[in-house]
Amino acid sequence: MPLIARFTLPLLAGNMLQQTYALVDAAIVGKFLGINALASVGASSSVIFLILGFCNGCSGGFAIPVAQRFGARDYSSMRRHVWQALRLTAFLSVLIALLTGLLCMDILRLMRTPGNILEGAYTYLVIIFAGIPCTFFYNLLSSIIRALGDSKTPFWFLLFSTTLNIVLDVFCIVVLHWGVAGAAVATVFSQGLSAALCYVYMYRAFDILKSTDEERRFQPLIARRLLIVGVPMGLQFSITAIGSIMLQSANNALGTAYVAAFTAAIRVKMFLMCPLESLGIAMATYCGQNQGAGKPGRIWTGVRVSSLLMLIYAALTIALLLFTARQFARLFVPPGETEILGDAALYLRVGSAFFPALGLLCILRYSIQGVGYTSLAMLSGVAEMVARALVSLLAVPAFGYIGVCYGDPTAWMAADLFLVPAFCLIYKRMRRRAESANRPQYRAATR
């Protein structure tokens, strides 16, 4: 427990910094630019999750073979994987930025974005997508640093970047009057700076990353291996986001007031989800290193310990939001908008009640990814997508906004129904492999 907690804390601090920025960003937009501007930023949030989720998933997947070879002390192969990951990231990030930039308006119209916020949503989305290379590289480099056992340094870079982000937010929106475009520019610039700092630090601080010309050469087999691990992780996020897009599209059709309530609530929910997400990310590195070292027993112990930590946090969060959900929503929405505040508070209370299901999802999904079974983790994303689609098509038209509130909890439970038996089967397989590998050593020792 102390090992997992110490590794998780810097990840948690970093994630909470990112979400703090998202909270401050939404608060600045809502207070200075109004409800329509807040809805413009929020109307595209699930689309951003679709695209950036794929990039972040690929980044985490590219780092898994690095963690495994670091755990196995195969440093030459580890360096080769790092260089191929950098090449793949450069190619994929530019390609995705170009494609998404061209399709922005079509996506927003497909999502039935209200006409009074369409232009603002388009401006925000185009700038965010233009900065995809910055986001992709930052997440890859920080994932590699964590794969080498250092979860603290990415936090310090992120602290600087987030502080700069907030300052630029105020400057671009309040001083330069750039509107929602200012919020997007501040985000992209800060993420680019974080990526540059991570790259400089990584090659100065880790001697084991100093490579030869041979190790830096393009190697198709390693690139293929990275894609086999990384792309399913990216698709898992994207598949999950498709369900979120359908859910947000159904919510957009309910009107601007519901879009604003959803935007305010989702910012708070994402902030409160940080400990669960951070615990999952820590388990991916923990399981990857122990799988590389051939210690499945420690993986099982880690899952049990992290589940206990998750349940404690979930209970505290449920109790907190029971009394303070409306106060959280007032960070973004003026006090006079009582209907929007009530809808945002309802969304938060319903979602937090199912945090144990979300916590189990994070722990098992990232653990499965950490040991290399990324395709199975992707299938759990399919379960989430199907559940959200059914809620969007059946529950929201029948019950309205309350159906939106139950969309994510339904998806979390559907994913758990897949992940629990999947993890049990994977763990049994790892144990059999470890026993087979150790049996010859045992026989030699007894002779």
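The exercises below, each with a worked solution, deal with a predicted model.

**Exercise 1. Salt bridges around Asp408**

Task: determine which residues Asp408 pairs with, and where those residues lie.

Solution.

Step 1. Side chains of opposite charge can pair when their charged atoms come close. The criterion needed here is a side-chain nitrogen of Lys or Arg within 4 Å of a carboxyl oxygen of Asp or Glu. Under that rule the model has seven salt bridges.

Step 2. Take Lys269 and Asp408: their closest N and O atoms are 2.3 Å apart, and the two form a salt bridge. Lys269 belongs to helix 11 (residues 256-272) and Asp408 to helix 18, so this pair ties together parts 139 residues apart in sequence.

Step 3. Take Asp408 and Arg388: here the closest N and O atoms are 2.8 Å apart, again a salt bridge. Asp408 is in helix 18 and Arg388 in helix 16, so the pair ties together parts that are 20 residues apart in sequence.

Step 4. Check the cover. Lys269 and Asp408 are buried, and Arg388 is buried as well.

**Exercise 2. A pair inside one helix**

Task: describe the salt bridge between Arg388 and Glu384, and name the network that contains these residues.

Solution.

Step 1. The closest N and O atoms of Arg388 and Glu384 are 3.2 Å apart.

Step 2. Both residues lie in helix 16 (residues 374-399); their spacing of four residues is about one turn of the helix.

Step 3. Arg388 and Glu384 are both buried.

Step 4. Salt bridges link Lys269, Arg365, Glu384, Arg388 and Asp408 in a network.

**Exercise 3. Helix 7 and the patch at Phe171**

Task: compare the span of helix 7 with its expected span, then state which of its residues are buried and what nonpolar patch Phe171 helps to make.

Solution.

Step 1. Helix 7 covers residues 153-175, 23 residues in number. The distance from the first C-alpha to the last is 32 Å, close to the 33 Å expected at 1.5 Å a residue.

Step 2. The buried residues of helix 7 are Thr153, Pro154, Phe155, Phe157, Leu158, Ser161, Thr162, Asn165, Leu168, Asp169, Cys172 and Ile173.

Step 3. Phe171 is also found in helix 7. Its relative accessible area is 39%, so Phe171 counts as partly exposed.

Step 4. Phe171 joins Val175, Leu176, Trp178 and Val185 in a nonpolar surface patch of about 420 Å².

Step 5. After helix 7 comes His177, with a positive phi near 60°.

**Exercise 4. Helices 6 and 12**

Task: for helix 6 and helix 12, test the span against the expected value, then give the burial and the residue with positive phi that follows.

Solution.

Step 1. For helix 6, 16 residues at 1.5 Å a residue should span 22 Å, and the end C-alpha atoms are 22 Å apart, in agreement.

Step 2. Helix 6 is mostly covered, with 13 of its 16 residues buried. Gly149 follows helix 6 and has a positive phi near 95°.

Step 3. For helix 12 (residues 274-292), 19 residues should span 27 Å at 1.5 Å a residue; the end C-alpha atoms are 27 Å apart, which agrees.

Step 4. Of the 19 residues of helix 12, 15 are buried, so the helix is mostly covered. Gly294, just after helix 12, takes a positive phi of about 70°.

**Exercise 5. Contacts across sequence separation**

Task: locate Thr135 and Leu272, classify each as buried or exposed, and give the C-alpha distances to Val188 and Ser352 respectively.

Solution.

Step 1. Thr135 lies in helix 6 (residues 132-147). Buried means under 20% relative accessible area; Thr135, at 5%, is buried.

Step 2. Thr135 and Val188 are 53 residues apart along the chain, while their C-alpha atoms are separated by 7.7 Å.

Step 3. Leu272 lies in helix 11 and is buried, with a relative accessible area of 6%.

Step 4. Leu272 and Ser352 are 80 residues apart along the chain, and 8.7 Å separates their C-alpha atoms.

**Exercise 6. A charged patch**

Task: list the members of the positive surface patch and place Lys428.

Solution.

Step 1. The patch is formed by Lys428, Arg429, Arg432 and Arg433.

Step 2. Lys428 lies in helix 18, which covers residues 407-446.

Step 3. Exposed means over 50% relative accessible area. Lys428 has 51% relative accessibility, so Lys428 counts as exposed.

Key
Residues are numbered from 1 along each chain as its sequence is written. Side-chain values use heavy atoms; hydrogens and water are left out. Patches are made of residues with over 30% relative accessible area and no salt bridge: like charges are joined within 9 Å, nonpolar side chains (Val, Leu, Ile, Met, Phe, Trp, Tyr) within 5 Å. Accessible areas come from the Shrake-Rupley method with a 1.4 Å probe; for residues, only the protein chains shown count as cover. Lys and Arg count as positive and Asp and Glu as negative; His and the chain ends are not counted. The place of a charge is taken as NZ of Lys, CZ of Arg, CG of Asp or CD of Glu. Helices (H or I, at least four residues) and strands (E, at least two) are DSSP runs, numbered from the N terminus. Buried means under 20% relative accessible area, exposed over 50%, partly exposed in between (1.4 Å probe, protein chains only). The expected span of a helix is 1.5 Å times one less than its number of residues.
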